[in-house]
Amino acid sequence: GKNDMSDSASPGSSSHTVTWNKEHGDVIQAKLAEIHTLSENYTDALECYHVAISMNPQNGLAIQGLERLEKIMRGVDPDEEMDEDGEIEDEDGGQEYY
């Protein structure tokens, strides 16, 4: 009775989501990675970005997000990259005088 109906309904709905994921899966993965980054689950975020880029190497969202994530993981503030880079170079220059 009831069980048969739900069983026959689920294969149709699940195959529907699979085809949708194939088209937009890279975007979903990139969005997931963003959420992981905000939650500081950096390893999960990395995985999602790599999946997104493997699905769509032209996914700018994933490429930018991955670059940003790598900076965060190195301890660089991604929003102040220009200043930080300049400061680091100055420090190196100062050390050369020793």
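This is a guided tour of a predicted model, with a suggestion at each stop of what to select and what to find there.

**Before selecting anything**

The model is predicted, so local features are described only where pLDDT is at least 70 and side-chain atom pairs count only at pLDDT 80 or more, whereas totals for chains, interfaces and linings use all residues. Residues are numbered from 1 along each chain as its sequence is written, and side-chain values use heavy atoms, with hydrogens and water left out.

**The whole chain**

Begin with the protein in cartoon view, where the secondary structure comes to four helices and zero strands, running α-α-α-α from the N terminus on; helices (H or I, at least four residues) and strands (E, at least two) are DSSP runs, numbered from the N terminus. Of the 98 residues in the protein, 19% are buried, where buried means under 20% relative accessible area, exposed over 50%, and partly exposed in between, with a 1.4 Å probe and protein chains only.

Now colour by pLDDT, the predictor's confidence in each residue, from 0 to 100. The mean for the protein is 76, and 58% of its residues reach 70 or more. Among the elements, α2 has the highest mean pLDDT, 97, and helix α4 (residues 81–96) the lowest, 51. Select residues 10–19, where the pLDDT is below 50 and where the model has zero contacts beyond near neighbours in sequence; contact means heavy atoms within 4.5 Å. Residues 84–90 also stay under 50, and for them the model has two contacts beyond four places in sequence. Where pLDDT is low, the predicted coordinates should not be read in detail.

**The nonpolar core**

Next select Ala-30, Ala-33, Ala-45, Cys-48, Tyr-49, Ala-52, Ala-62, Leu-66 and Leu-69, the nine residues of the largest nonpolar core. Such a core is a set of buried Ala, Val, Leu, Ile, Met, Phe, Trp, Tyr and Cys residues joined through side-chain atoms within 4.5 Å. The elements that give two or more residues to this core are α1 (2–38), α2 (42–55) and α3 (60–74), and the largest share, four residues, comes from α2. In soluble globular proteins, nonpolar side chains tend to be buried together.

**Helix α2 and Tyr-49**

Keep α2 on screen: it has 14 residues and reaches 20 Å from its first C-alpha to its last, close to the 20 Å expected at 1.5 Å a residue, the expected span being 1.5 Å times one less than the number of residues. The buried residues of α2 are Ala-45, Cys-48, Tyr-49 and Ala-52. Seen down the axis of α2, these fall within an arc of 100°, so they line one face of the helix; the arc is that of the directions from the helix axis to the C-beta atoms. On the other side of α2, Thr-43, Glu-47 and Ser-54 are exposed.

Select Tyr-49, which is buried with a relative accessible area of 2%. Not counting residues up to four places away in sequence, Tyr-49 touches Ala-30, Ala-33, Glu-34, Thr-37, Leu-61, Ala-62, Gly-65, Leu-66 and Leu-69. Then select Ser-54, which is exposed at 57% and whose C-alpha atom is separated by 8.1 Å from that of Asp-26, 28 residues apart along the chain.

**Thr-37 and the loop after α1**

Move to Thr-37 in helix α1, a buried residue with a relative accessible area of 15%. A polar atom of the Thr-37 side chain lies 2.8 Å from the backbone oxygen of Ala-33. Leaving out residues up to four places away in sequence, Thr-37 touches Tyr-42, Ala-45, Tyr-49, Leu-69 and Ile-72.

Glu-40 comes next, in the loop between α1 and α2, and is exposed, with a relative accessible area of 57%. The phi of Glu-40 is near 65°, a positive value in a residue other than glycine. Most residues other than glycine have a negative phi.

**Helix α3 and its two ends**

Finally, select α3, whose 15 residues should span 21 Å at 1.5 Å a residue, which agrees with end C-alpha atoms that are 21 Å apart. Its buried residues are Ala-62, Gly-65, Leu-66, Leu-69 and Lys-71. At the N-terminal end of α3, Asn-59 acts as a cap, with a side-chain oxygen 3.0 Å from the backbone nitrogen of Leu-61. Past the other end, α3 is followed by Gly-75, whose phi is positive, near 85°.

Conventions:
Polar contact = N/O pair within 3.5 Å; in protein donor to acceptor, adjacent residues only side chain to side chain.
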